[in-house]
Amino acid sequence: MSKRQSATIAAQAGINRDAHYGAVVAPLHMSTTYSLKGFNQKRQFDYARTANPTTYTLASVLADLEGGRHAIVTNTGMAAILLLCQLLHSGDRILIPHDCYGGSYRLFTHLAKRGQFIVDIVDQTDLDAVRLALRKKPKVILVETPSNPLLRIVDIAQICELARCVDAVVAVDNTFLSPELQRPLEHGADIVIHSTTKFINGHSDVVGGALICKHRALGEELAWWANCIGVTGGAFDAYQTLRGIKTLPLRIVQHSANTQAVLQLLTTHKQVAKVYYPGLSDHQGHDIASKQQIGYGSMVSFELAGQDQQLRQFVSSLTLITLAQSLGGVESLIAHPATMTHAGMDAKAQQQAGISPSLLRLSVGIESALDIVADLKQALDALT
Ligand code: PLP
C-alpha cells in the first residue's frame with residue numbers, strides 16, 4: 001500500500017490497535033510495570049520508564065509523520081535536547097546556532113562550562129561560518145529552522161551535505177513548524193527534535209518532547225540512553241498528545257490562514273517597524289523556506305516603532321491575545337523574548353542573536369482572524 005498522507009496518519013493516530021478489546025481509540029495504559037510470561041520470558045513491555053503501550057503508540061505516529069524509523073517520546077522538549085547531548089563524550093564538539101531557543105542555549109552553554117563537551121556557536125545562515133566551524137570536527141550539529149524568535153532560515157540540505165564530510169550527526173529542531181509544514185529527514189537530517197508541548201499537542205495542556213531518528217541504530221542508541229537517564233514521557237501525557245495530534249493538519253491550515261490576515265495588518269501599520277516572517281519576500285531565508293518548507297507557519301515576530309513605554313502600553317492593551325510563554329496552541333499568545341523566552345541568554349548573547357528589547361513574538365492561534373486582527377489593530381492604533 002502507498003504511504004498514507006499526513007492528514008490520515010494524524011486522524012488515525014493510535015486507532016484500532018487494541019488487539020485485546022478492540023478499543024478504537026488507543027487505550028491509556030497507566031501500569032508502571034508488566035508481568036513476565038514466565039521466568040526470564042519478557043513481554044514487549046516490562047517497565048514504563050523504558051516504554052509503555054501508550055507512549056509507544058505516540059512514538060510510532062510521530063515516526064510516521066516525520067518519515068523516521070524510530071522515535072523516542074520524552075517528558076519535555078528540553079529532555080529531548082538533553083537526550084541528544086548523550087551522543088557527546090567529554091572533548092566532543094557540538095555546533096549550535098547563535099539564535100536558538102533560549103532554554104537550549106542555556107543547556108548547551110552550562111553543560112559545556114562543566115566540561116561535558118565543547119559548544120561552538122555560529123550564525124548558521126552564514127555557510128562560510130559553518131564551514132569554518134566544521135574544521136573543528138563537531139560530532140553533532142543542532143539546527144533550529146525557523147529559529148526562535150527571529151525565524152531565521154537555515155538550509156537543511158546544505159548543512160547536511162557539509163556535515164557528511166566530517167561525519168557529524170545533524171539534528172533539526174522542528175518545533176516551530178511541525179511535520180505538517182517541514183520534514184527535515186527528507187532533506188538529509190539524521191534526527192528531528194520536537195517540543196510536542198507546541199503544535200503537535202496544540203492545546204497548551206501537556207509538556208512533552210520527542211526525538212525522531214532516520215535510522216534505527218541511532219534510535220536504539222538514544223532509546224537506551226532515554227531509559228538510562230530517565231527522560232522518557234509518561235502515559236497520560238502521551239494519551240493527551242495523541243488526542244491533540246489528530247487535528248494537527250486541520251489546525252495548521254487555520255493557523256496559517258489567520259497568519260496571512262495578521263501579516264496584512266503588521267506589514268502596513270505605521271507603529272510596526274519591522275516584521276520577521278519567512279513567507280515575506282524580503283525575509284532573509286524566504287527562498288530557502290519556499291524550497292524546504294511546505295508552508296511558512298504561524299509564528300511572526302515584529303518590532304514596534306516606539307520604545308519601552310509603547311511596548312508596555314501595546315502589550316497591556318491587548319484583550320484577546322495573551323501575554324504568555326509558549327506557542328503553537330489553539331489560542332493566540334504573545335511573548336517578549338528579551339525578558340521571557342530568551343531570558344536564559346545574557347544581554348550580549350541576545351544582542352549577537354539580534355533580539356532587541358522592542359521585539360515581540362506572536363503565535364497566531366485558530367480564533368477568528370477578524371478578532372485577532374481587531375485586537376492587534378486597536379492596540380497599535382492606541383499608540384502615539
Ligand atoms: N525547542 C524550541 C524551539 C522551543 O521553542 C522550546 C520551548 O519553547 C523547546 C525546544 C523546549 O521545549 P519544552 O518547553 O517542551 O521543554
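Y34 and F45 are both buried, and they make a good way into this predicted model. Their ring centres sit 6.1 Å apart with the planes at 45 degrees, so this pair counts as tilted. A tilted pair is what remains once stacked (under 30 degrees) and edge-to-face (over 60) are ruled out. Along the chain, Y34 and F45 are eleven residues apart, and each belongs to the loop between α1 (6–11) and α2 (53–66). The two rings also have company: together with Y56 they form one aromatic cluster. Across the structure there are seven aromatic pairs.

Now move along to another of these pairs. The rings of Y277 and Y296 have a centre-to-centre distance of 6.4 Å, and their planes meet at 65 degrees, so here we have an edge-to-face arrangement. The cut-off for pairing is 6.5 Å between centres. What does this contact connect? Y277 lies in the loop between β8 (272–276) and α10 (286–292), while Y296 lies in the loop between α10 and β9 (299–304), so the pair ties together parts that are 19 residues apart in sequence.

How exposed are these two tyrosines? Y277 has 2% relative accessibility, so it counts as buried. Y296, on the other hand, has a relative accessible area of 27%, which makes it partly exposed.

While you're in this stretch of sequence, have a look at Y276. Here the partner is a charge: K274 lies over the face of the Y276 ring, at 5.0 Å from the ring centre. The distance limit for this kind of contact is 6 Å, taken from NZ of Lys to the ring centre.

From rings, let's turn to empty space. How many cavities of 30 Å³ or more does a search of the whole structure find? It finds one. The largest cavity holds about 50 Å³ of space. Its lining is made up of 13 residues, and those nearest the centre are V73, T74, G208, D237 and T241.

Which secondary structure elements build that wall? Both β1 (70–74) and α8 (235–245) contribute at least two residues each to the lining of the largest cavity. The biggest contribution comes from α8, which provides three residues.

As for chemistry, the lining of the largest cavity breaks down into five nonpolar, seven polar and one charged residues. If you're counting along, Gly goes with the polar class and Asp with the charged one, which is how G208 and D237, both among the residues nearest the cavity centre, should be sorted.

Methods: Residues are numbered from 1 along each chain as its sequence is written. This is a predicted model: local features need pLDDT of at least 70, side-chain atom pairs count only at pLDDT 80 or more; totals for chains, interfaces and linings use all residues. Side-chain values use heavy atoms; hydrogens and water are left out. Rings of Phe, Tyr and Trp (its six-membered ring) pair if their centres lie within 6.5 Å; planes under 30 degrees apart count as stacked, over 60 as edge-to-face and the rest as tilted. Helices (H or I, at least four residues) and strands (E, at least two) are DSSP runs, numbered from the N terminus. Buried means under 20% relative accessible area, exposed over 50%, partly exposed in between (1.4 Å probe, protein chains only). A charge sits over a ring if NZ of Lys or CZ of Arg is within 6 Å of the ring centre and within 35 degrees of the ring normal. On a 1 Å grid over the protein atoms alone, a cavity is a set of points where a 1.4 Å probe fits but cannot get out, and a pocket is an open set with protein on both sides within 12 Å along at least five of seven lines; lining residues have an atom within 4 Å of a point. Grid points are joined across faces, edges and corners, and a volume is the space filled by probe spheres set on the points.
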